[in-house]
Amino acid sequence: MKTIQFREAICEAMSEEMRRDESVYLMGEEVAEYNGAYKASKGMLDEFGAKRVIDTPIAELGFAGIAIGSTMTGNRPIVEYMTFNFSLVGIDQIISNAAKIRQMSGGQFKCPIVFRGPTASAGQLGATHSQAFESWFANTPGLKVVVPSNPYDAKGLLKAAIRDDDPVIFMESEQMYGDKGEVPEGEYIIPLGVADIKREGTDVTIVSFGKIIKEAYKAADELEKEGISCEIIDLRTVRPMDRKAIVESVKKTNRLVVLEEAWPFGNVATEITYLIQSEAFDYLDAPVVRINTADTPAPYSPVLLEEWLPNHEDVIKAVKKVLYK
Amino acid sequence: MQKITKEVYLKWYEDMLFWRKFEDKLAAVYIQQKVRGFLHLYNGQEAVLAGALHAMDLTKDKMITAYRNHVQPIGMGVDPNRVMAELYGKVTGTSHGMGGSMHIFSKEFRFYGGHGIVGGQIPLGAGIAFGDKYHGVDGVTLCCFGDGAARQGSLHETFNLAMLWNLPVVFVCENNGYAMGTSVERTANHTEIWKLGLGYDMPCGPVDGMNPVKVAEAFDEAITRARTGGGPTFLELKTYRYRGHSMSDAQHYRTKSEVEEYKKIDPITQVKEIILDKKYASEEDIKVIDKRVKERVAECEKFAEESPFPEKQQLYDMVYEQEDYPFIQHKL
């Protein structure tokens, strides 16, 4: 094993896949000469050249569409968005083209493409730069949505995403790129659609994904001191969701808290809550509690941002609520 | 470009007439409610397709267009039976009934759709060309759209990128005068759409889109430029559609006399007159062609009528390449 940063895990995954398959290229703003806005493509221009590591102007719609079009003539592009907040100006290309071409063409064309970049909030960036669209993309048949939470998962999942023959939305976080973690020296792949039990426990199930899961770890550490055992499930892939893993865990613990950094209306937590009342109703000892951001745009002021964003104290409160403590 | 011979004129006449009658048949069966959804017909614009196909190398060149897209794949080689069946929603259709009128595709004949979002296909067309350039294929992509799409941001982002990356693509604006019910004059403070290319230093110009010879010559120059590394061209084809934007269009935005004026320069009539003038064929020969076209269209209708609808399972088979994708169950 070796210890690397999250950004290095992303870089290794992309570089290994580009060595393996000539049809893979990386395209996006600042990915080449600048080495990536968050240095996730450091050194890749030097290794692969300007044909395969391609700087773009600020034209998210245009380069998303060109990348999607190139899948129809044999490419497997990786498109980097500096943040998924910027994907909105190109979202028609993702929703109406990438997610639809296979179905509309009756299976004639596939669309093997990865759109990747950071999602959700990253400090005091204000309303336009703090949005989490996992549930928007996951709502769309034709797409897959992956949200890793550590370097090991990021590398294995990104390699799987690049090899996948369907379009994949791969969402990272500005606040995770510096996180360190162990990864194997050799190659490994983590299949999409499989959740990971990050901690086993017996009293309550906490389901989460992405960087916010770290608040669940902190909460579980504190709750352990009080004798409360939390099982933490990292979805890793939001679509398709590993429904079996969630249901099985809830059947064991009988209590569920869902932690998701997103607005509350119709989000991933809502979907999980529906799933559990449908599949494990008789196993529940308490109503499901979800923890999301406030139902408002993200604020700038630090005091308000703290109020807006879920934290480990919210998780502790939620766990105690489902335990009636 | 191959010379425009007697055989070419005769082929143009038969092809264009077939496309016209194919669309007329669709209008008829639409009224009978055998074909549903939106239906956008190509009547009047046939010279653009005929001229383009003459200049293309159909062994490697590609085409993508918007939702007025029934006859282009036929011109490129797709069996018209299968296009008609697609509109009937039948399993024998080009997309097995998944796409319908606005979404005809043929990978085999390099027709890349069939796109329902105005201007959404413009970057895809440049991307298809990007893929060809990446892989060293010397095909050229014709990226077609209407005058309405020329006002979308996607056009401008794509023009910039296609020039920046010197992509082998020809951008084709089929200006038929109206974006649904809004005339070109009412969509911008200028009406010469081809001039949009000037801002990107892209070779560009207007073309008489009612005359297949003029069209073929313009496309030949543009395709040759793209194939020899000269990058994109933007052509504005001045054309006209006789029917409404779609079948539900009452056409209050124009006069009947305007439509009649354009019918005087109808591309099929123009080609027929040349054939008769130059004695490439007699009136009797023309009647034989007309009969053949009528019979072929009837055959398409019969094939579509008699084809089966898809099995319900097909709903789930077309979305993902992954064979065991775990769809959420939606019915009890």
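In these legends, two residues touch, or are in contact, when heavy atoms of theirs lie within 4.5 Å. The model shown is predicted, and each view below picks out one part of it.

**View 1. Val146(A) sits in a strand and has many neighbours from elsewhere in the chain.**
Welcome to the first stop. Val146(A) belongs to strand S6 of chain A, which runs over residues 144-146. Leaving aside residues up to four places away in sequence, Val146(A) touches Leu157(A), Val168(A), Ile169(A), Phe170(A), Met171(A), Leu192(A), Arg236(A) and Thr237(A). One of these partners, Thr237(A), is 91 residues away along the chain, yet the two C-alpha atoms are separated by 4.3 Å. Is Val146(A) buried or exposed? Its relative accessibility is 0%, so Val146(A) counts as buried, the cut-off for buried being under 20%.

**View 2. A cis peptide bond joins Arg239(A) to Pro240(A).**
Look for the link between these two residues, where omega is near 0 degrees. Pro240(A) is part of the loop that runs between strand S12 (237-239) and helix H9 (243-253) of chain A.

**View 3. Asn254(A) has a positive phi.**
In which loop does Asn254(A) lie? Asn254(A) is in the loop between H9 and strand S13 (256-259) of chain A. Its phi is near 65 degrees, and the residue is not a glycine.

**View 4. Chain A as a whole, with its annotated domain.**
Stepping back, chain A contains 12 helices and 14 strands. The C-alpha trace spans about 60 × 40 × 40 Å along its principal axes. Chain A has 325 residues, and a compact globule of that length would have a radius of gyration near 20 Å; the value for chain A is 20 Å, so the two agree. Of these 325 residues, 62% count as buried. Among contacts in chain A with a separation of 6 or more, 82% join residues 24 or more positions apart. The accessible surface of chain A is about 12,000 Å², with 51% of it belonging to carbon and sulfur atoms. There are 36 positive and 49 negative side chains in chain A, and the centres of these two sets lie 3 Å apart. An unreviewed UniProt entry places the annotation "domain: Transketolase-like pyrimidine-binding" on residues 4-179 of chain A. Within that stretch, the chain is 35% helix and 16% strand, and the C-alpha atoms at the ends are 8 Å apart.

**View 5. A cis peptide bond joins two glycines, Gly113(B) and Gly114(B).**
Now we move to chain B. The bond from Gly113(B) to Gly114(B) is cis, with omega near 20 degrees. Gly114(B) is found in strand S2 of chain B, which covers residues 111-114.

**View 6. Helix H9 of chain B and the loop that comes after it.**
This view brings together Thr269(B) and Lys279(B). Thr269(B) lies in helix H9 of chain B, which spans residues 267-277. With a relative accessible area of 33%, Thr269(B) is partly exposed. Phe327(B) is 58 residues from Thr269(B) along the chain, and their C-alpha atoms are separated by 53 Å. Lys279(B) is in the loop between H9 and helix H10 (283-306). Why does Lys279(B) count as exposed? Its relative accessible area is 70%, and the cut-off for exposed is over 50%. The phi of Lys279(B) is near 55 degrees, a positive value in a residue that is not glycine.

**View 7. Chain B as a whole, with its annotated domain.**
How many helices and strands does chain B have? Chain B has 11 helices and 8 strands. Its C-alpha trace spans about 65 × 55 × 40 Å along the principal axes. For 332 residues, a compact globule would have a radius of gyration near 20 Å, and chain B agrees with this at 20 Å. Of the residues in chain B, 54% count as buried. Residues 24 or more positions apart supply 74% of the chain B contacts with a separation of 6 or more. Chain B exposes about 14,400 Å², and 52% of this comes from carbon and sulfur atoms. Its side chains include 40 positive and 45 negative ones, with the centres of the two sets 3 Å apart. According to an unreviewed UniProt entry, the annotation "domain: Dehydrogenase E1 component" covers residues 15-311 of chain B. Over this range the chain is 42% helix and 12% strand, and the end C-alpha atoms are 34 Å apart.

Definitions and conventions:
Residues numbered from 1 in each chain as written. Chains lettered and ligands numbered in written order. Predicted model: local features only at pLDDT ≥ 70, side-chain atom pairs only at ≥ 80, totals over all residues. Heavy atoms only, no water. Helix = DSSP H or I, 4+ residues; strand = E, 2+ residues; numbered from the N terminus. Rg over C-alpha atoms; globule rule 2.2 N^0.38 Å. Buried < 20%, exposed > 50% of the residue type's maximum accessible area, 1.4 Å probe, protein only. Areas by Shrake-Rupley, 256 points an atom, 1.4 Å probe, with all protein chains shown as cover. Lys, Arg positive; Asp, Glu negative; His and termini not counted. Charge placed at Lys NZ, Arg CZ, Asp CG, Glu CD. UniProt positions renumbered as here; feature names shortened; annotations may be inferred.
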